[in-house]
Amino acid sequence: MNDFLFPEGRIPPAGLVFFTGQEKPRQYVIFEEVTFHGQNETEVCTPRSLLLTCPFLCKDQARIFLKNDTWYFCSLTDDVPAHVGKLCVKEGEEIPLQDSTVIRLGGREALTVVFYSRYAGGQDWEFIPMDPGQHVIHIRSHEETFPSDELTLQFKKGKWEIKGLSSASSAHGKGGAGGGRGLHPNESLRIGSSRLVLVESGLLYGYPVQTMGLSIKIDERSVHRSLKKIMLLRDICLSITPGSMVLVLGGSGAGKSTFVNAVTGYEKAKASIQEGGLDYYKDFEQVKHRIGYVPQENLLRDEESVKKALENAACIRLPRETSPADREKKIEATLETFGLTGKEKELISKLSGGERKRLSIATEFVGSPDVFILDEPDSGLDGSMARELMENLLLIACQGRIVLVITHSPDRVAHLFDKVIVLARDSENKVGQLAFYGGIEEAREFFGVSTMEGIVRLLNAGNEGGEGRADEFIERYRQQDAFREQPHKDPPVRPPVESPADPSAGKSAGTSADTAAGKSAAASAGTAAGKSAAASAGPSAGKSIRYKNRLEQIPLYLRREFRLMVNERNWKMPVMTAIISYVVIYVLGRGMFRNMEYTKYGSLALISIGIWNGMFNSIQRICKERKIIKREHRSGMYITSFMAAQMLFQAFLCLVQVAIELAVFRIFGMYFPDTGLISGSFGTDLFITMFLITFAADMMALMVSCIVHSTTVAMTVMPFLLLVQLVFSGPVFPLNKAGAKWVSEYSISSWGIRAINIAADYNGQKSSLLYRSLNGLHIPANSVAGSFQEFLETPAVREKVEEYTSSWLYMKDFAYTKENLLGCWQHLLVFSLIYLLAGVIFLEFIDEEKR
């Protein structure tokens, strides 16, 4: 064991393979200890416990732990038999474990566990049940460490005989060497990278993963700035097998984030990225559900609860045919896996930094992605928390997923990684290139340093605190085919092929074509194993997976908006609306809608209230959580669905605000005309008008929030927009120039004032303009002018004067007709839809923005 791989005296993680005979064998990685728990509804793997669905096991069955650099098995109960090899273990008894030890928990129905002293990723396992008859199995491989082109295993009289294995072969295990090596029950044999374990009911066979996994071939990734092409990445070719946890290493500016974005398809490159039979660029709509990307920042909504955040993620990321019960089981298993059980109802704002980071990963994990990419998940965490987090990630990889991690503190967790991708920027063109891809220990030997951070120092330029040797290692890696091609050209080790019981038939099968043997491998593993394998493929098994469509996503986001409103407990909106409405009553008194002047001035006040409320509702709504929206969009959220939910939620807010406004008006005695033009009730017509004004302003602010990238800019723009609306409102301020009139025609305020004055029958009211002017002159009563004023104040004369003044102030735009009022409503509604559509279009380009 070397100090580089396992710092602080830590020994490497151990591994388990467990199965019940009815399911495909699964792998598990042990860090310091693990406890086996039975009788669970869902199988859950955490760094310290295995929650199994086995009903024949006890709640607390057994534990495996590390003590004084030795692994031990301890049974926690005598209710269920426990055997280590052939030894029966009593409750509390501690039995030391050796590599490839077989553990059996249970009686007739049992859990079989194979312990390995060192976990190895990128392995697949099959179990072949055997009856008491005679069987022949042939194993073929082109693996360099494999001792022969073909091995023959013959099962006879309860023992396997291995032929084709010379005494010089690379094989480890019990039994004699040579052509007649034997393998007895509860014994194991390692041949090259393959393992054979004979358990009582059959043969357990482990071999390197057959599928090519994630194949990456990036010719170049470039951008154009100021009409100049700038190369960011080039010549990166590698492939990653499922079950691997890979470190992405490189100095600042080496292209790590650009590499990750190109791999995931978020930033297209001249490249071929393939995984699971899908092209990440051509099939992006399907592929994005297979990718789990966890950014460096914890992009979560603080006022959302832990459980609801996972529920939202599960609804979007899991296939639409997933039943509510299965979705709930997946959520509960995810909570358990990441140590968040008991935190379900807590708001995210109340979580610690480590808990928030685990939840951020959990929101991606709940969708069962095939590829996990994490950008500095350990940033801001201390050593123990970072190690625990990385252990969780290794457990994810252990489930057959690919995990890529970018970290700036790699040495404290380097022993957990299977391989490392090293990117470096050449000195001449400043282009990120592949400087190494291989195992951690191989990287140490290749670069001649003892730490991962030492590799970064070698590659960084002199002005970045490094030695500036990037060109040297890029060229050395390019020239060494063993380093450059080995990782993505490993031929698969094919699983065993069971032949008929007759030995002669077995020989015939052994001489059959290599390809045919490979194709029949899956069938030979037995029906139960085959079904399990198909089931375990999950959502990635084919291209026909369907997820929630645009219409189905709308209720999900709408419910979330209402939850956030309740959780935020921000009740400023109704209070502010009530206060502003009262101010209008206080200033204008109860004369609103009684004469032309009060109606015109009042309409300006009302549209000011509506536009202010609407803009205040949504001016920060999108920009304040732009990064969260961007992350959700990349995980399967439709922008149109999100914006439709926003529209409905904002409409609800506008309805509440208008209801408060009119309630305050009525409570404090504002005069309302007796009849309404459209509904028959003026109050109803005014309610609809005020709602459309407020909603149109709301959608305009929402559009602005979709365009700008910060709340500071949004709040700077808001007063300007409000001022423009007031100035170009139309009847209140004279608009003598053609350009001003044109702008007025496309303003919310202009159509809002028209609608209010039409609904209040402005032209049918009297005008007190002349009399208000005379009263402002303070004419002496005993003067000639005073006598004339008294004459004008007589009722008959006053009525005639007001009628004449009203006819003089008549406005065609305020004509009291249904067509006019409906036309104003139509314009306000069209404005709202145009603003909403513009916001959707701008937000659709959110993936084009830089991280």
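Strand E3, residues 33-37, is joined to strand E6, residues 62-67, by 4 bridges, and the two run antiparallel. One of the pairs to look at is Glu33, whose bridge partner in E6 is Phe65. I should say now that this is a predicted model.

E3 and E6 belong to an open sheet of 6 strands, in the order E4-E5-E3-E6-E7-E10, and the pairing in that sheet is mixed. Strand E4, residues 44-46, and strand E10, residues 94-96, are at the edges; each has a single partner strand, so one side of each has no neighbour in the sheet. From one strand to the next, the twist averages 20°. Helix H4, residues 324-337, packs on this sheet and touches E4 and strand E5, residues 49-51. The direction of H4 makes about 15° with that of E4.

There is another open sheet of 6 strands, with the order E2-E1-E12-E11-E8-E9, and here the pairing is antiparallel. Its edges are strand E2, residues 26-30, and strand E9, residues 87-88, each with a single partner strand, so each is left with one side lacking a neighbour in the sheet. The partner of E2 is strand E1, residues 14-19; 5 bridges join them, and they run antiparallel. Within that pair, Leu16 stands opposite Tyr28 in E2. As a reminder for anyone following the side chains, they alternate between the two faces of the sheet in a regular strand.

Next, a hairpin. Strand E22, residues 214-225, and strand E23, residues 228-240, run antiparallel and are joined by 11 bridges. Ser222 has Met231 as its bridge partner in E23. The hairpin has 2 residues between the strands, and Ser226 takes a positive phi near 55°.

Now to the helices. A packed pair of helices is described by the angle between the axes and the distance between them. Helix H21, residues 682-707, packs with helix H24, residues 748-759, at about 175°, and their axes are 10 Å apart. An angle over 145 degrees counts as roughly antiparallel, so H21 is roughly antiparallel to H24. On the H21 side the contact is made by Phe682, Asp685, Leu686, Thr689, Met690, Ile693, Ala696, Ala697 and Met700. H24 contributes Ile748, Gly752, Ala755, Ile756 and Ala759. Sorted by type, the residues of this contact are 11 nonpolar, 2 polar and 1 charged.

What about empty space inside the model? The count is 4 cavities of 30 Å³ or more. The largest cavity holds about 260 Å³ of space. It is lined by 19 residues, and the closest to its centre are Arg301, Ala309, Ala313, Arg560 and Glu632. Which helices each supply at least two residues of that lining? They are H3 (306-317), H5 (353-365), H16 (550-568) and H19 (626-634). H3 gives the most, with 5 residues. By type, the lining of the largest cavity has 9 nonpolar, 3 polar and 7 charged residues.

Last, one loop residue. Where is Lys548? Lys548 sits in the loop between helix H15, residues 527-536, and H16. From Lys548 to Pro319 there are 229 residues in sequence, but 7.2 Å in space, C-alpha to C-alpha. Leaving aside residues up to four places away in sequence, Lys548 touches Cys315, Arg320, Gln553 and Tyr638.

How values were computed:
Residues numbered from 1 in each chain as written. Predicted model: local features only at pLDDT ≥ 70, side-chain atom pairs only at ≥ 80, totals over all residues. Heavy atoms only, no water. Axes fitted to C-alpha atoms, helices over the stretch in contact; angles between N-to-C directions. Parallel < 35°, antiparallel > 145°, perpendicular 65-115°, else oblique. Contact = heavy atoms within 4.5 Å. Nonpolar A, V, L, I, M, F, W, Y, C, P; charged D, E, K, R; others polar. 1 Å grid on protein atoms, 1.4 Å probe; cavity = no way out; pocket = protein on both sides within 12 Å on 5 of 7 lines; lining within 4 Å. Points joined across faces, edges and corners; volume = space filled by probe spheres on them. Pairing = 2+ DSSP bridges.
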